[in-house]
Amino acid sequence: MRARALTTAAACAVTLLGLVAATPAAADGTAAARTGAGADFNGDGYPDLAIGAHTATVNGVKRAGVVTVAYGSATGLRYDTASVISQATPGVPGEPAENGQWRAVTAHGDLDGDGYDDLVVNWAEKNTVLWGSAKGITGAGTTVTTGSYRADDPKVLGGTVGVGDVNGDGIDDFITRGNNGASYGLSVRLGPLDRTTGASAGVWFRNTGSLDKLLTSAVHVGDMTGDGIDDIVVSGGVVLGNGTPGGVVLKGSPGGLVKGSTYGGPYAYSTHYPAAFGDLNKDGYQDLVTGHPEQNKIYVAYGGPNGVSDTVKARSYSQATSGVPGLDEEGDRFGSAVAIGDTDRDGYADLIIGAAYETGGDPATTTASGAITVLRGSASGITTTGAKSFTQNAKGIPSTSENDDHFGSATAVIDTDRDGNPEVYVGGNGEDGYKGRVWKLPTGASTGVTGVGSTSFHLGTLGGPASGGNFGYRFAG
């Protein structure tokens, strides 16, 4: 069993990439980001990857959905030992339901303090924790209590779920939107969570409308202030009083949340922001990247002592930005997924951006086939120098770009064999008639991300059901 490390800036410097602060995989819009060393569900020291397949058939029940976990090892992800979990698995709350689409691998962290990472599966206000163990994710699971609209027990609302240690006690906490019966805001259910009842050790509720002039929509968890305690980045709808969308960093501390930086951002009242944390300019502070596929843009907010940096301005990028590969076309959904990690071993974290609806050279055959873009980190933050783009038609990548493959629906940067060269994982949930597939692209100091030597796998590779899937739509790891 591994001991959980606090997310200090120093600890993050030796994370799953071995070089710079990394981010767990961020999937589609409901996936929350947090700082850490990657998911390790079986405690063997190798990062693992959870992949959702929400339309898989379970015991003849169509579109009931499954969750899979492939475990890292000295040889990388092992497909033969993967866990395939559904609501038919003993210990998992609920039963398979037609069109239930048991939905989203959402976040991970050690929510019960036993030294093993746990996996959150989220859909609307239904949150299940699948508990980690020496055998990994086995099906042992608990529903997180949903609350009852009381001030001491705020209702958990749908949308993003964040996991991180916001009170610095070494045990991860469960963060969502909430309602205390009088107002909407932020609910923090402090770990450890009880494995039997799902109840938390304590509850914090913050009325963000009153205290922060912000209606909470999306929450992301990471250590932007570099003090070793995770912070909560809240984005929201209208800022009360002036109608301007915005965001706020709520700094974690043992005594509660402390208001930090506020910033305008592009935020509107939506829970669908793919997000990732990582140190893009190597200044010791985690930076936040959010994807806004409806705008075909990503936004970068650089970290600092008070949350958002006072010296490094936030920036946005699209395919219309000079140096970014591709054309800025309506409907490409540039920013469908984002992930951060050092892919060329220069000490700076790089950014992987999915554009799941990108159309290739022939619109008749490659509409919404998808692509990913790689933007490098540098001393000044994200740079377009050396930017790359990959589709399934790139040299070495298995299969070819076809209509509705959605290559880039999910992305992750994980060093699953801990050799110092992380792999880039790309989901394409529309591949093979929406059965879905995941690709592994190698990286190296001399090459960065490359298609040469890429491999791919699907739900059947991991021992999952052959019917249905959307495998690769969401990652957590």
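In what order do the four strands of the open sheet lie, and is their pairing parallel or antiparallel? In this predicted model, the open sheet has the order β4-β5-β6-β7, and its strands pair in an antiparallel manner. The edges are formed by β4 (104-109) and β7 (141-143), each of which pairs on one side only, and the twist from one strand to the next averages 25 degrees. Within this sheet, strand β5 (residues 118-123) and strand β6 (residues 126-130) run antiparallel and are joined by five bridges; N122, for instance, has N127 in β6 as its bridge partner.

A second place to look is strand β1 (residues 49-53), where five of the five residues are buried, so that the strand is largely enclosed by the rest of the structure. The covering applies to both faces, since L49, I51 and A53 are buried on one side, while A50 and G52 are buried on the other. Strand β1 is joined to strand β2 (residues 66-71) by five bridges, the two running antiparallel, and it is also joined to strand β33 (residues 475-476) by two bridges, again in an antiparallel arrangement. Residue I51 takes part in both of these contacts, with T68 as its bridge partner in β2 and F475 as its bridge partner in β33.

The aromatic side chains come next, and a search of the whole structure finds three aromatic pairs. One of them is formed by F407 and W439, which meet edge-to-face at 5.1 Å centre to centre, with 80 degrees between the planes. Because F407 lies in strand β27 (residues 407-414) and W439 in strand β29 (residues 437-441), this pair ties together parts that are 32 residues apart in sequence. F407 is buried, with a relative accessible area of 0%, and W439 likewise counts as buried at 0% relative accessibility.

Another edge-to-face pair is that of F457 and F471, with 6.0 Å from centre to centre and 70 degrees between the planes. Here F457 belongs to strand β32 (residues 455-457), whereas F471 sits in the loop between β32 and β33, so the pair links distant parts of the chain, 14 residues apart. F457 is buried at a relative accessible area of 1%, and F471 is buried at 0%. Together with Y79, these two phenylalanines form one aromatic cluster.

Finally, there are rings that lie beneath a charge. K282 lies over the face of Y348, at 4.6 Å from the ring centre, and the charged end of R418 sits over the ring of Y46, 5.7 Å from its centre.

Notes
Residues are numbered from 1 along each chain as its sequence is written. Side-chain values use heavy atoms; hydrogens and water are left out. Two strands pair if DSSP finds at least two bridges between them. Axes are lines fitted to C-alpha atoms, for helices over the stretch in contact, and angles run from 0 to 180 degrees between N-to-C directions. Buried means under 20% relative accessible area, exposed over 50%, partly exposed in between (1.4 Å probe, protein chains only). Rings of Phe, Tyr and Trp (its six-membered ring) pair if their centres lie within 6.5 Å; planes under 30 degrees apart count as stacked, over 60 as edge-to-face and the rest as tilted. A charge sits over a ring if NZ of Lys or CZ of Arg is within 6 Å of the ring centre and within 35 degrees of the ring normal.
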